[in-house]
Amino acid sequence: MLNFKLKLSIARFSEQKLMQKNHRTWTWLCVLALILIHFWIYAGIRHQDFVTWDDTLLVNENPLVKQINPISLFDIFQDSMMPLRDLSYRLDYFVWGFIPEGFKISNFFFSTLNVILLFGLLIQL
């Protein structure tokens, strides 16, 4: 009888491990699917120029975007109404210059990261 209970508990433990492994696999497959869908959505804007109604004012004609030094980065968090946006613009300009594709790559990266974080939050609920 003890041998049967031991085998039963081992079988249950193995089944739980298999279910955890399957859950992990499905989670990663869902994350991969979300990334691919997100890439497909963003693929159409890859070769577009800056949008004229706000990118001109916020990026092209903004002299603060071109300032990248430790003092100006610190001032962003004191003077700006949207410090993370302005920090992102400055870092994009530092890395890419005024190349629209670079700004869009950064936007795609942060947007994809937000989609994955939201998915992680929702599967925890």
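Which residues are buried in α4? Let's work through that one helix today, and keep in mind that this is a predicted model.

Okay, so the buried ones in α4 are D86, L87, Y89, R90 and D92. As for what they pack against, we've got α2 (55-60), α3 (70-79) and α5 (100-124).

Quick sanity check on the helix itself. α4 covers residues 83-96, so 14 residues, and at 1.5 Å a residue it should span 20 Å. The end C-alpha atoms sit 19 Å apart, which agrees. Right after α4 comes G97, and its phi is positive, near 75°.

Now, the α3 side. The axes of α3 and α4 are 8 Å apart, and the two helices pack at an angle of about 155°. That makes the pair roughly antiparallel. The crossing, if you're wondering, is right-handed. Who makes the contact? From α3 it's S72, L73, I76 and F77, and from α4 it's P83, L84, D86, L87 and R90.

And that brings me to D86, which caught my eye. Is D86 buried or exposed? Well, its relative accessibility is 16%, and the cut-off for buried is under 20%, so D86 counts as buried. What does the D86 side chain pair up with? That would be the side chain of R85, through a polar contact of 3.1 Å. If you set aside neighbours within four places in sequence, D86 is in contact with I76 and S80. I76 you've met already, as one of the α3 residues in the contact with α4.

Okay, that's α4 from me. Over to you.

Definitions and conventions: Residues numbered from 1 in each chain as written. Predicted model: local features only at pLDDT ≥ 70, side-chain atom pairs only at ≥ 80, totals over all residues. Heavy atoms only, no water. Helix = DSSP H or I, 4+ residues; strand = E, 2+ residues; numbered from the N terminus. Expected span 1.5 Å × (residues − 1). Buried < 20%, exposed > 50% of the residue type's maximum accessible area, 1.4 Å probe, protein only. Contact = heavy atoms within 4.5 Å. Polar contact = N/O pair within 3.5 Å; in protein donor to acceptor, adjacent residues only side chain to side chain. Axes fitted to C-alpha atoms, helices over the stretch in contact; angles between N-to-C directions. Parallel < 35°, antiparallel > 145°, perpendicular 65-115°, else oblique. Left-handed = near helix turned anticlockwise from the far one by under 90°.
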